[in-house]
Amino acid sequence: PAPGATCLGDAWCKYVFEVTGSSWFAEGSYWILLKPLRIVLILLLAVVLRFVLHRAISRMVRGTTEGAVPTILKPLRERIPTATAPDPNAFVPERRRQRAEAIGSVLRSLVTAFVFGIALLMVLKEFSFDLAPLLASAGIAGLALGFGAQSLVKDLLAGLFMLLEDQYGVGDTVDLGEATGVVEAVGLRVTTIRDARGVLWYIRNGEIIRVGNKSQGWAMVVVDLPIGFVSTEEVSAVLRTAAASVALDPELSEHVVEPPEVLGVEQMTVDGAVIRTVVKTTADGQFAVGRELRRRLAEALENAGIAARIAASRMMFPRPAAPAAGPGEAGPGGPA
């Protein structure tokens, strides 16, 4: 290069000077052209990589409603070879789609944070930042944040595993301990359910110790009827007829998985026998079938005249006599 262009053996500087003939532009071309181009290239590659990964995740999520389910989107119990396979007829595609969308959203967020985090470090390196102190400070800050936000991390991890294991989903009726109701929203940190009184509960996932899901697979409606000291055979026959009529009801038959059964005497109390009636139903129809079954059993006992006899047997049941008075003690009627 001509005098005035100090390139110090830099091939790029020499090339720019030969093309432009400007010494100051050639000397500053590294910061004027090369650095911005490299930064733009880094950001462009990050955007393209993020787009490709997001597209792959979205395709995987869409595939869950069209064919085979990817392993990562299968419930944990379906990945274990020795586990009992769920009933394929009870598998709801909409429920699977919601789970897939939730997990896909989490994966896309993680991919975005990872890709742009790496891109940011590469851009800072282009500006000659010393990344070692920055990474060390970030590690210390992350450690302090981890100690200070343990509950948040616990909630996020619990929510992630809850989604992966398919413990419950939107629309399920669940028992989470103090709150029981229908799930309205499922997030990584908070689960929202509405109870029978209309109260909306926000429950942190990390505080959920156990989950009772009443909407997965099938349900069992159990009705225990105290019959006093009336003949158990007579009552059982009446209850069988009434329970069988529930399974024949056109509006309820689709929810009855197995015919109702009168199992017999479940227990004995001071007020007489208790007879148990059960019916296996679908998860969605358990409440409707249960209400109708109780109504028909009560009506059947009333129509057969057994209800009045049950009440009479309780009123006429002899109570144990008072213990006999000992020598020198007053009896029930007072001093002799």
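Let us start at one residue of this predicted model: D155 counts as buried, because its relative accessibility is 2%, and the cut-off for buried is under 20%. You will find D155 in helix α7, which covers residues 150-165. Its side chain has a polar partner: one of its polar atoms lies 2.9 Å from the backbone nitrogen of G206. Setting aside neighbours within four places in sequence, D155 is in contact with L188, R189, R204, N205, G206 and E207.

Two of those contacts of D155, R204 and E207, also pair with each other. R204 and E207 form a salt bridge, with their closest N and O atoms 3.3 Å apart. R204 counts as partly exposed because its relative accessible area is 31%, and E207 is likewise partly exposed, at 45%.

Now step back to see the whole chain. It has ten helices and eight strands. Of its 336 residues, 31% count as buried. Among the contacts with a separation of 6 or more, 60% are between residues 24 or more positions apart. The accessible surface comes to about 21000 Å², and carbon and sulfur atoms account for 63% of that area.

What lies inside? In soluble globular proteins, nonpolar side chains tend to be buried together. Here the largest nonpolar core has 24 residues, and V235, L239, L293, L297, L301 and I306 are those with the most contacts inside it. Two or more residues each come from β6 (218-228), α8 (232-247), β8 (272-282), α9 (286-303) and α10 (306-316). Helix α8 gives the largest share, six residues. To get a feel for this core, look around L293: beyond its neighbours within four places in sequence, L293 is in contact with V221, V223, A243, V246, T277 and V279. Apart from this core lies another, of twelve residues, including M162, L164, V174 and I193.

Helix α9 also holds Q286, which counts as buried because its relative accessibility is 12%. A polar atom of the Q286 side chain lies 2.4 Å from the backbone oxygen of K214. Leaving out neighbours within four places in sequence, the residues in contact with Q286 are K214, A219, V221 and T281.

Charged pairs come next. Side chains of opposite charge can pair when their charged atoms come close. This structure holds twelve salt bridges. In one of them, R309 pairs with E234, the closest N and O atoms being 2.9 Å apart. This pair links distant parts of the chain, since R309 is in helix α10 and E234 in helix α8, 75 residues apart. R309 is partly exposed, at 36% relative accessible area, and E234 is partly exposed too, at 31%.

Another salt bridge joins the side chains of E266 and R276, at 3.6 Å from N to O. E266 lies in strand β7 (residues 261-269) and R276 in strand β8, so the pair ties together parts that are ten residues apart in sequence. Beyond this pair, D249, E292, R295, R296 and E299 are joined into one network by salt bridges that share partners.

Finally, turn to the surface. L41, L44, L45, V48, F51 and V52 make a nonpolar surface patch of about 580 Å². One of these residues, V52, sits in helix α3 (residues 29-63). V52 counts as partly exposed because its relative accessibility is 46%.

Methods: Residues numbered from 1 in each chain as written. Predicted model: local features only at pLDDT ≥ 70, side-chain atom pairs only at ≥ 80, totals over all residues. Heavy atoms only, no water. Core = buried A, V, L, I, M, F, W, Y, C linked by side-chain atoms within 4.5 Å. Buried < 20%, exposed > 50% of the residue type's maximum accessible area, 1.4 Å probe, protein only. Helix = DSSP H or I, 4+ residues; strand = E, 2+ residues; numbered from the N terminus. Contact = heavy atoms within 4.5 Å. Polar contact = N/O pair within 3.5 Å; in protein donor to acceptor, adjacent residues only side chain to side chain. Patch = residues over 30% accessible without salt bridge, like charges linked within 9 Å, V, L, I, M, F, W, Y side chains within 5 Å. Areas by Shrake-Rupley, 256 points an atom, 1.4 Å probe, with all protein chains shown as cover. Salt bridge = Lys/Arg side-chain N within 4 Å of Asp/Glu carboxyl O.
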